[in-house]
Amino acid sequence: MNRITVIFGRNWLPFSVLIRLVTFSRWSHCGLVSQCGQYVYESTFTKGVQRTPIADFKKRYGKTAMGEMYCVSSAEAYSIAESKIGDKYDVLACIGILFKTGWGAASAWLCSEYVAHCSQLFNIKKQSSITPEDCFRLTHTIT
């Protein structure tokens with residue numbers, strides 16, 4: 001199996017705190033670090049799936065950590081990540097997590113379901129119930 005690097009973040013802004021409380025997570029956000037280590041593939045509430053400079057990600061979150069996650073194929077994970085750029089953020093899945101319904105849009109992504117989808121480790125088509133904490137538990141922390 002191959003590995004991908006995942007970055008996790010949290011801060012004290014209200015939305016970050018709310019996500020951590022609702023998901024029982026120490027992290028409110030996660031993304032896939034690019035192979036060159038200079039960018040993060042992530043899905044954000046305001047912009048959807050995008051590639052962000054890693055320095056901007058770290059600046060946005062007061063606390064970050066990185067870990068390695070197994071994946072079926074790292075080349076395929078990055079190919080999937082790139083192919084989803086421009087997809088929307090999955091607001092419906094946010095509401096679904098809040099009410100424990102499993103709701104989610106087919107072509108929109110929460111940050112954690114985006115990372116899970118790229119890893120291809122999950123045998124379900126849509127991972128709306130995957131949280132940043134679930135992804136964190138699947139990593140070996142490196143920083």
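Okay, let's start with one residue pair: Val6 has Gly67 in β5 as its bridge partner. Those two sit in a longer match, where strand β1 (residues 2-10) and strand β5 (residues 63-71) pair antiparallel over nine bridges. Strands pair here if DSSP finds at least two bridges between them. The strands (E, at least two residues) and helices (H or I, at least four) are DSSP runs, numbered from the N terminus.

Before I go on, this is a predicted model, with local features needing pLDDT of at least 70 and side-chain atom pairs counting only at pLDDT 80 or more, while totals for chains, interfaces and linings use all residues. Residues are numbered from 1 along each chain as its sequence is written, and side-chain values use heavy atoms, with hydrogens and water left out.

Now, the sheet. It's an open one of six strands, with antiparallel pairing, and the order runs β4-β3-β2-β1-β5-β8. Which strands stand at the edges? β4 (48-53) and β8 (139-141) do, and each has a single partner strand, so one side of each has no neighbour in the sheet. From one strand to the next, the twist averages 35 degrees.

Helix α3 packs on that sheet, touching β1, β2 (29-33), β3 (39-44), β4 and β5, and its direction makes about 45 degrees with that of β1. Helix α5 packs on the sheet too, touching β1, β2, β3, β4 and β5, at about 30 degrees to the direction of β2.

What about the two helices together? The axes of α3 (residues 74-83) and α5 (residues 111-119) come within 8 Å and cross at roughly 135 degrees. Axes are lines fitted to C-alpha atoms, for helices over the stretch in contact, and angles run from 0 to 180 degrees between N-to-C directions. That crossing makes α3 oblique to α5, oblique being whatever is left after under 35 degrees (roughly parallel), over 145 (roughly antiparallel) and 65 to 115 (roughly perpendicular). Ala77, Ile80 and Ala81 of α3 meet Tyr114, His117 and Cys118 of α5, where contact means heavy atoms within 4.5 Å.

Last thing, the largest pocket. A pocket is an open set of points on a 1 Å grid over the protein atoms alone, where a 1.4 Å probe fits, with protein on both sides within 12 Å along at least five of seven lines; lining residues have an atom within 4 Å of a point. This one has 30 lining residues, and Phe15, Ile19, Ser28, Phe45 and Tyr89 lie nearest its centre. Helix α1 gives the largest share of the lining, six residues.
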